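Thank you all for coming; I would like to walk you through one model this morning, going from single residues to the packing of helices. Please keep the structure open in front of you while I talk.

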Amino acid sequence: MRESGPKAAEKSGSHMLRGSAWAVALRWCVRGTGLLSTLILARLLTPGDFGIVAMAMLVVGALEALSESRLDLAVIRHSNPSREHYDTAWTISALVGIAVSILIFFVAPLAVNYFHTPRAVLVIRWLALRPLIGGFENIGVVDFRRELQFGTHFRYAVAQRLITFFITIAAALMLRNYWALVVGILVSRVVGTFLSYAMHPFRPRICFTKVGELWSFSGWAWMKHAGGFFTAKADEFVVSGMGTVGGLPSVVAMGRYNMAADVAASPTEELIAPIVSTLFPVMATIQS
């Protein structure tokens with residue numbers, strides 16, 4: 001059980017500093033690996049390859065954002081969660097993952113009317129597996145943040161990123177097209193789910209007893225997450241639906257724009273995001 005009151009507040013500063021250090025290290029490891037991956041993939045693939053996958057991820061990401069329950073935050077925030085809280089959070093996440101995957105699969109053909117890129121349909125349908133796989137991730141790994149074990153969380157995230165990096169590059173060398181990116185996205189979820197069970201002993205079971213309690217908090221977190229996604233991606237929705245941009249097909253323009261936007265946003269994201277990511281679990285320890 002967490003400490004509360006002055007004693008917990010006294011420790012929060014040191015936890016925040018250590019957590020921020022780990023989070024910054026994690027973000028820079030992830031960003032460094034991502035940058036290296038982008039440089040290599042840019043030599044093996046075309047902007048159009050990146051564009052097709054970026055368009056597909058807009059559809060997948062939008063539907064995921066609309067269904068994102070953020071139950072992990074509800075568990076982190078709870079001062080003394082029972083096994084039922086963990087099991088309920090996992091059960092809802094798994095069911096939502098299944099539902100979203102089915103929805104993405106059937107919505108995929110409608111994307112052609114907006115993106116004007118028929119090849120995106122099959123890509124979207126394959127990427128529909130992403131929420132399905134991720135929905136079964138072991139909820140026990142939230143303890144890495146909830147108990148301020150930022151070092152363990154660092155190892156969990158970096159291991160996932162490095163394994164994904166090598167498999168994606170290998171796929172690009174063999175396939176030389178956008179399917180290598182699809183492989184990388186799906187492998188990332190498979191590896192993350194596998195590691196969540198390998199690195200934490202908790203084994204979830206089906207349970208619905210705490211749905212109301214968890215949703216009373218996560219509903220607000222869902223609204224924030226969904227709003228943030230559409231705000232951040234509004235420009236990409238515009239670019240991808242224009243047909244042609246500057247004389248280039250939208251799929252090529254989207255590939256270039258997506259990569260450029262990612263690099264341009266890095267300086268701010270890599271300084272602010274790590275600190276913010278540690279703030280929630282640290283503040284949860286002194287909420288009383």
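I139 touches D72, Y86, A89, W90 and F202, where residues up to four places away in sequence are not counted, and where contact means heavy atoms within 4.5 Å. This is a predicted model, in which local features need pLDDT of at least 70 and side-chain atom pairs count only at pLDDT 80 or more, while totals for chains, interfaces and linings use all residues. Residues are numbered from 1 along each chain as its sequence is written, and side-chain values use heavy atoms, with hydrogens and water left out.

To stay with I139, this residue is found in the loop between α7 (129–134) and α8 (142–146); helices here are DSSP runs of H or I with at least four residues, strands are runs of E with at least two, and both are numbered from the N terminus. I139 is buried, with a relative accessible area of 8%, and I should say that buried means under 20% relative accessible area, exposed means over 50%, and partly exposed lies in between, using a 1.4 Å probe and protein chains only. The C-alpha atoms of I139 and T88 are 9.6 Å apart in space, although the two residues are 51 residues apart in sequence.

A second loop residue deserves a moment, and that is R176, which sits between α9 (150–175) and α10. What is the phi of R176, which is not a glycine? The value is positive, at about 55°, and as a reminder, most residues other than glycine have a negative phi. R176 has 48% relative accessibility and therefore counts as partly exposed. Leaving out residues up to four places away in sequence, R176 touches L44, L45, D49 and A171. For one of these, D49, the C-alpha atom is separated from that of R176 by 9.3 Å, with the two positions 127 residues apart along the chain.

By way of contrast, Q160 lies within a helix, namely α9, and at 17% relative accessibility it counts as buried. Once its neighbours within four places in sequence are set aside, Q160 is in contact with S188, V191, G192 and L195.

Let me now step back to the whole chain. The protein chain has 12 helices and two strands, and, read along the sequence, its pattern is α-α-α-α-α-α-α-α-α-α-α-β-β-α. Buried residues make up 45% of its 288 residues. Among contacts between residues at least 6 apart in sequence, 84% join residues at least 24 apart.

Which helix should we take up next? I suggest α2, which covers residues 47–67, has 21 residues and reaches 30 Å from its first C-alpha to its last. That is close to the 30 Å expected at 1.5 Å a residue, the expected span being 1.5 Å times one less than the number of residues. Because 18 of its 21 residues are buried, α2 is largely enclosed by the rest of the structure.

Now to the packing. Two packed helices are described by the angle between their axes and the distance between the axes. The axes are lines fitted to C-alpha atoms, for helices over the stretch in contact, and angles run from 0 to 180 degrees between N-to-C directions.

The axes of α2 and α6 come within 9 Å and cross at roughly 55°, which makes α2 oblique to α6. Angles under 35 degrees count as roughly parallel, over 145 as roughly antiparallel, 65 to 115 as roughly perpendicular, and the rest as oblique. This contact is made by I52, A56, M57, V59 and V60 of α2 together with R119, A120, V123, I124 and L127 of α6. By class, the contact of α2 with α6 has nine nonpolar, no polar and one charged residues; here Ala, Val, Leu, Ile, Met, Phe, Trp, Tyr, Cys and Pro count as nonpolar, Asp, Glu, Lys and Arg as charged, and the others, Gly among them, as polar.

The axes of α2 and α4 (residues 83–107) come within 10 Å and cross at roughly 145°. Here V59, V60, L63, E64 and S67 in α2 meet V96, V100, L103, I104 and V107 in α4, a set that divides into eight nonpolar, one polar and one charged.

Finally, the axes of α6 (residues 119–127) and α10 (residues 179–198) come within 10 Å and cross at roughly 15°, which makes α6 roughly parallel to α10. L122, V123, W126 and L127 in α6 meet W179, V182, I185 and L186 in α10, and this contact has eight nonpolar, no polar and no charged residues.
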